[in-house]
Amino acid sequence: MIWGAWLCLVSPLAAAALITLGGNRLSRRGAGYLATFATFVAFVGAVISFATLLSHDGGDRSHVSTAWTWIGAGSYHSGFSILVDPLSVMMMLIVSGVGSLIVGYSIGYMDGDDEERRYFAYMALFVFSMLLLVQGGNLVLLLAGWGMVGLSSYLLIGFWHERPSAVAAAKKAFVMNAIGDATMALALFLLIQKTGSLDFGDVFARQGFLGGWAINLIALGLLGGAVAKSAQLPLQTWLPDAMEGPTPVSALIHAATMVTAGVYLIVRTHPIFEQAPKIEDLAAGLGAATLLMAGLIALVQTDIKRVIAYSTMSQIGYMFLGAGLGAYANGMFHLMTHAFFKALLFMAAGIVIHALAGEQDIRKMGGLGKLMPFTRWCFLIGSLALVGIFPFAGFFSKDSILAAAMDRGWYGYVLWAAGLAGTLLTGLYTFRMYFVVFGGDRSAFVREHFHHGEGHGEGPFSMTATVAILAALALVGGWIQWAPLWHPVTTWLDPVARPIVEPANWMEWTSSGVALALGLVGILLARAFYGVPVRRRRPVPRVAAVQRALEHKLYFDEAYDLAFYRPAVAVAHALGRFLERPLILRTSGEVAEGSVDVARGFSRLQTGLVRTYALAIASSLAVIAVVFVAVR
Amino acid sequence: MALAMLGPEVSWYLGVAAFLFATGAFGVLIRRSPLIVLLSLEIMLNGGNLALIAFSRHYGHGDGQIFAISVMAVAASEVVVGLGLIVAMSRKRIALDVDKLNVLRG
């Protein structure tokens, strides 16, 4: 039934509109309940679509429903249509399912904020935009959703608009994403020119006629969009700053759903990428480079949310690696498990931040394990899933991406090694954070600021319940697919995205074994340095220059500042000095005076006497008549 | 066509129409009293009407007559507005002289 998908799409939009139009008539709490309810209805719609698809055969699982023709220009048409197929249904389930949990969590987290209603309206708008992105039946709608998630992300990062840093971060995210949107739009223009359509089916059917350079450019443009949205090298700098938004926003937009849209895009348009193998390799390489870089930077970050943000970047690197190698189902499966455990980590971190009156610096934390046992266990589950320890979710999904790399020649082995190194780093930085925050003795800051809220000091029911559900998902969510033994996700996605690599079972087992061992080594190393009371901690071996470079996030911000911002400012100053002041400011006054004089002269023509006007009209008509007759 | 044969040529009618129109226009341009200006306007309109009807007859076609009737309806409404304005002016004791109404002078 296609109406399930429409219900899924429309209900968050309706909630956003109701909250916006309702204004004060809706209580703050009511806005939260309404948004949660609407996203949950969306989830129900997604489940209905899922059940419907299950009842069809494998070959008959792609349905398009068009509401109306949205754009018609000459021979080009695109409808407002949604596509329901295994891939979009999987994304719908993730977005609306994790989304409704996180929106529900926000009821507790945002309680007492001045502008709760605005927050929930934005959240509902985001869920709608993301669903539009994944359900869009053609590339135009995908781009529309793409732009709208960028907008919602901008609005939510800058939600606390009285903080200058939040506003700056929002602008940065928007500008970086605009670069990706632009390259993507250019790719779509090229597609329209070459194939005359943007419907997925038509494009994929006709792209065989494209020349080599055109297909490469199109794939590159799409990759640009994916890289910007998913915060991969070289457009990654906006994501850590985006942590200025409220924590549930980070969990939903900057961990679970929006930033993974790039992976979805690659998987969705994989026939194009398969025609451009060089670009595909580039995507995989960028993913590998990003996962290493983000893992290294995460080692030295001190803000709890930033550490998790860098780990998000790194995990999306794995997904890009998988999608770029052609292991689409593995990438999508990692996207799903990552949504579970990363949302869990962010929300558990949110409980910590909530209990410490907004403090995010892990150096000030310590010994929280005994004060917040529930949060500690949930965070531990999330961390183990992130590192990929058996039997938590990350183990099943990450390792099969690595196995896919082994099936791709020497280039694959380079990527494989990078991915394994990333696993070691993941274990290190994740458990550094875990031990510093929850282990050891209570720090002075914790003793002073830890406040026992209602209940057991770990936040209201809406927060603990949703975190518990996600912890359960992070615990069992990975068992859906264990690549060497059973693989329903791959089978499910097969009609849409057939993998082009098929790792043998020995590759799966080897990757799993090595990755598990390296993850454990990382955890043990972290434990050796940070798992002991603060007084007895040994100094961590460090190289000053490397540490400084990592703390400056490898100077990407500084480089972009130097390469783009400073020249732009210099050009603006020069134009102001040599063009604006002498040419425009000095002359504009004289131009104004001159025109006033001329106007004064012309105003004499206005006698105020009706008969002059009538005479003017009559004589002009007479002249026109004479001319007309004479010319004829 | 048979109708066109009876009576004078269409140019005669047009001549009278042009004369009426010119008379009206002249009146509008030189007279000061708003009442007379309105009256002259009516003469102009009726000059136009005459031309319409003359052509209608010349071509044996009813359209011009219908059009003339519409013009009369418009003229009637226009007179109502115009006379209303003049009454309002005299009530406010504004001199009935169009030359004195020159607020819009630049």
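Helices, meaning DSSP runs of H or I with at least four residues, and strands, meaning E runs of at least two, are numbered from the N terminus. The exercises below apply this to a predicted model.

**Exercise 1. Determine how many helices and strands chain B has, and whether the chain is compact or spread out.**

Solution.
Step 1. Chain B contains four helices and zero strands. In sequence order the pattern reads α-α-α-α.
Step 2. The radius of gyration of chain B is 18 Å, whereas the globule rule gives 13 Å for 106 residues; the value is well over that figure, so chain B is more spread out than a compact globule.
Step 3. The C-alpha trace of chain B spans about 55 × 25 × 25 Å along its principal axes.
Step 4. Of the 106 residues in chain B, 11% are buried. Among contacts in chain B with a separation of 6 or more, 53% are between residues 24 or more positions apart.

**Exercise 2. Describe chain A by its secondary structure, its extent and its burial.**

Solution.
Step 1. Chain A has 26 helices and two strands.
Step 2. Along the principal axes, the C-alpha atoms of chain A occupy a box of roughly 105 × 60 × 50 Å.
Step 3. Buried residues amount to 52% of the 632 residues of chain A. For contacts in chain A between residues at least 6 apart in sequence, 81% link residues at least 24 apart.
Step 4. The domain assignment divides chain A into domain 1 (277-551) and domain 2 (556-631). The centres of these two domains of chain A, taken over C-alpha atoms, are separated by 62 Å.

**Exercise 3. Identify the residues with the most contacts inside the largest nonpolar core, and the helix that gives the most to this core.**

Solution.
Step 1. The largest nonpolar core comprises 206 residues, and those with the most contacts inside it are A:A124, A:L131, A:A343, A:L344 and A:A474.
Step 2. Helix α15 (residues 328-355) of chain A gives the most to this core, with 19 residues.
Step 3. Leaving aside residues up to four places away in sequence, A:A343 touches A:V98, A:I102, A:A251, A:A255, A:A256 and A:L470.
Step 4. A second, separate core has five residues, including B:A25, B:V37, B:M44 and B:L45.

**Exercise 4. State which residues are joined by cis peptide bonds in chain A, and where the prolines lie.**

Solution.
Step 1. A:L233 and A:P234 are joined by a cis peptide bond with omega about -5°. A:P234 is in the loop between α8 (212-229) and α9 (238-241) of chain A.
Step 2. A cis peptide bond also joins A:F390 and A:P391, with omega about 0°. The position of A:P391 is in the loop between α17 (373-387) and α18 (393-406) of chain A.

**Exercise 5. For A:A231, B:R93 and A:A568, decide whether each residue is buried or exposed.**

Solution.
Step 1. The cut-offs needed are 20 or more other C-beta atoms within 10 Å for a buried residue and 12 or fewer for an exposed one.
Step 2. A:A231 has 28 other C-beta atoms within 10 Å and is therefore buried. A:A231 is in the loop between α8 and α9 of chain A, and its phi is near 55°, a positive value in a residue other than glycine.
Step 3. B:R93 has 6 other C-beta atoms within 10 Å and is therefore exposed. B:R93 is in the segment after α4 (63-91) of chain B; its phi, near 60°, is positive in a residue other than glycine.
Step 4. A:A568 has 10 C-beta neighbours inside 10 Å, so this residue counts as exposed. A:A568 belongs to helix α25 (residues 556-603) of chain A. Its C-alpha atom is separated by 45 Å from that of A:A42, and the two residues are 526 residues apart along the chain.

**Exercise 6. Characterise the contact between the chains, and report the confidence scores.**

Solution.
Step 1. The contact involves twelve residues from chain A and ten residues from chain B.
Step 2. On the side of chain A that touches chain B, helix α26 (residues 610-631) of chain A gives the most, with five residues. By class, this side of chain A has six nonpolar, four polar and two charged residues.
Step 3. The model scores ipTM 0.77 and pTM 0.77.
Step 4. Chain A has a mean pLDDT of 85, with 98% of its residues at 70 or more; chain B has a mean pLDDT of 88, with 93% of its residues at 70 or more.
Step 5. Within chain A, confidence is lowest in helix α20 (residues 444-449), at a mean of 76, and highest in helix α4 (residues 116-135), at 91.

How values were computed
Residues numbered from 1 in each chain as written. Chains lettered and ligands numbered in written order. Predicted model: local features only at pLDDT ≥ 70, side-chain atom pairs only at ≥ 80, totals over all residues. Core = buried A, V, L, I, M, F, W, Y, C linked by C-beta atoms within 7 Å. Contact = placed C-beta atoms within 7 Å. Rg over C-alpha atoms; globule rule 2.2 N^0.38 Å. pLDDT = per-residue confidence, 0-100. Nonpolar A, V, L, I, M, F, W, Y, C, P; charged D, E, K, R; others polar. Domains from an automatic or database assignment.
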